Amino acid sequence: MIQDIYPSKLRNEFTKYEIRDEDTALFYDGEGRVLIKEEDGTVSFPTGADAHGRQTVYLFSVDETRFFLVTEGADYQKNGFGYYSVRDVRNICSGKEVFALFTAYHLWKWYTDNKYCGRCAGKLGYGTTERSLVCPECGNTVYPRINPAVIVGVRKGDCLLITRYNRGYAHNALVAGFTEIGETLEETVAREVMEETGVTVTNIRYYKSQPWGMAQDILVGYYCDATGDGEIRMDTGELKYAEWVRREDIELQPNNLSLTNEMMRMFKEGKVV
């Protein structure tokens, strides 16, 4: 999955580093596209030298490489480089580079969406002791947003419930959805399966979790079993496809980045029964 970058390691602890010429500088345009150079599947980044005279904030490190967000870089151009969306990045690179760019996008989105205090409308400033934004007028503190969501592998005998969305991602997927206020993750599983497909479930069991910076999510994977005959009554506003598919017929996604794909693969290979 996207976070499986061993032996490399993400170091996301808060530190007040100042950018150096050799550090990585990430420039985003107004649409959230990042400035990189792509050549034969290899990605290069601008450096701290490109950020001279611009405000930056330290994001994280991968091994010894330090990543900084350039907070006023939307107009920057560099020969041989172009602006790529996070979906583009998903298709052109892999390993620690794609994980770094997904994680950086998560933070870029948070910083971009939180310029002013929601309590008094004052201009937010950077926290000095933790990853936060602080209002100097009223003291309100804002932390990075992380959205909890579930990925659900619904089993019926030797079949898995496979879906495809009406919009966005075009490949096979599983039932998925966000946790609502006052709801446990297990309750989310049962509700989302019912809402999207009309299937009721039992034996809900945790599998694994995954950070997914593209949507500022923490994804939590569960398997469960359909009750009764598993008749599907698909929500056509959400899905364009929902069917019971036998293990051997499951078509996987084109890469191994997502928790969804791993859960489908584990079932397909008989590692989940």
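## Strand S6 and its surroundings

Let's start with strand S6 in this predicted model. Five of its six residues are buried, so S6 is largely enclosed by the rest of the structure. Buried here means under 20% relative accessible area.

Who are the neighbours of S6? On one side there is strand S5 (residues 56-62), which runs antiparallel to S6 (residues 65-70) and is joined to it by six bridges. Two of the residue pairs are easy to find on screen: Tyr58 is bridged to Phe68 in S6, and Val57 has Leu69 as its partner in S6. S5 and S6 make a hairpin, with two residues between the strands. Have a look at Asp63 in that turn, as its phi is positive, at about 55°. Strand S2 also pairs with S6, but in the parallel sense and over four bridges. There, Thr24 is the residue standing opposite Phe67 of S6.

## The four-stranded sheet

Zoom out a little and S6 turns up as part of an open sheet of four strands, ordered S1-S5-S6-S2, with mixed pairing. The edges are taken by strand S1 (10-11) and strand S2 (24-27), each of which pairs on one side only. Helix H2 (residues 95-113) packs on this sheet and touches S1, S2, S5 and S6. The direction of H2 makes about 150° with that of S5.

As a general reminder, strands of a sheet pair through backbone hydrogen bonds, and they can do so parallel or antiparallel.

## A three-stranded sheet

There's another open sheet to look at, this one with three strands in the order S4-S3-S7 and antiparallel pairing. Its edge strands are strand S4 (42-44) and strand S7 (82-84), each pairing on one side only. On average, neighbouring strands in this sheet are turned by 60° against each other, if you ignore direction.

Within it, strand S3 (residues 34-39) and S7 pair in the antiparallel sense through three bridges. Val34 is a handy residue to click on: its bridge partner in S7 is Tyr84.

## One cavity

How many cavities of 30 Å³ or more are there? The count comes to one, and the largest cavity holds about 40 Å³ of space. Val34 and Tyr84 show up again here, among the lining residues. The rest of the lining is Tyr28, Gly32, Ser85, Val86, Val89, Leu101 and Tyr105. Helix H1 (86-92) and H2 are the elements that give two or more residues to this lining.

What about the chemistry of that lining? Seven of its residues are nonpolar and two are polar, with no charged ones.

## Helix H4

Now on to helix H4 (residues 259-268), where eight of the ten residues are buried, so this helix is largely enclosed by the rest of the structure. Which residues of H4 are buried? They are Leu259, Thr260, Asn261, Glu262, Met263, Met264, Met266 and Phe267.

What do those buried residues pack against? The answer is a set of strands: S11 (147-156), S12 (159-165), S14 (201-212) and S15 (217-226). After H4 comes Gly270, with a positive phi near 75°.

## Two pockets

The largest pocket has a volume of about 560 Å³. It is lined by 23 residues, and the ones closest to its centre are Tyr165, Tyr169, Ala176, Trp212 and Asp217. Several elements supply at least two lining residues each: H1, S11, strand S13 (175-178), S14 and S15. So H1 features in this lining as well as in that of the largest cavity. By type, the pocket lining divides into twelve nonpolar, six polar and five charged residues.

The second largest pocket holds about 430 Å³ of space. Of its 16 lining residues, Asn12, Thr103, His106, Leu107 and Ile146 are the closest to the centre. S5, H2 and S14 each supply at least two residues to this lining, and H2 gives the most, with five. That is the helix that also packs on the four-stranded sheet. The lining here breaks down into ten nonpolar, four polar and two charged residues.

Definitions and conventions:
Residues are numbered from 1 along each chain as its sequence is written. This is a predicted model: local features need pLDDT of at least 70, side-chain atom pairs count only at pLDDT 80 or more; totals for chains, interfaces and linings use all residues. Side-chain values use heavy atoms; hydrogens and water are left out. Two strands pair if DSSP finds at least two bridges between them. Contact means heavy atoms within 4.5 Å. Axes are lines fitted to C-alpha atoms, for helices over the stretch in contact, and angles run from 0 to 180 degrees between N-to-C directions. Buried means under 20% relative accessible area, exposed over 50%, partly exposed in between (1.4 Å probe, protein chains only). On a 1 Å grid over the protein atoms alone, a cavity is a set of points where a 1.4 Å probe fits but cannot get out, and a pocket is an open set with protein on both sides within 12 Å along at least five of seven lines; lining residues have an atom within 4 Å of a point. Grid points are joined across faces, edges and corners, and a volume is the space filled by probe spheres set on the points. Ala, Val, Leu, Ile, Met, Phe, Trp, Tyr, Cys and Pro count as nonpolar, Asp, Glu, Lys and Arg as charged, and the others, Gly among them, as polar.
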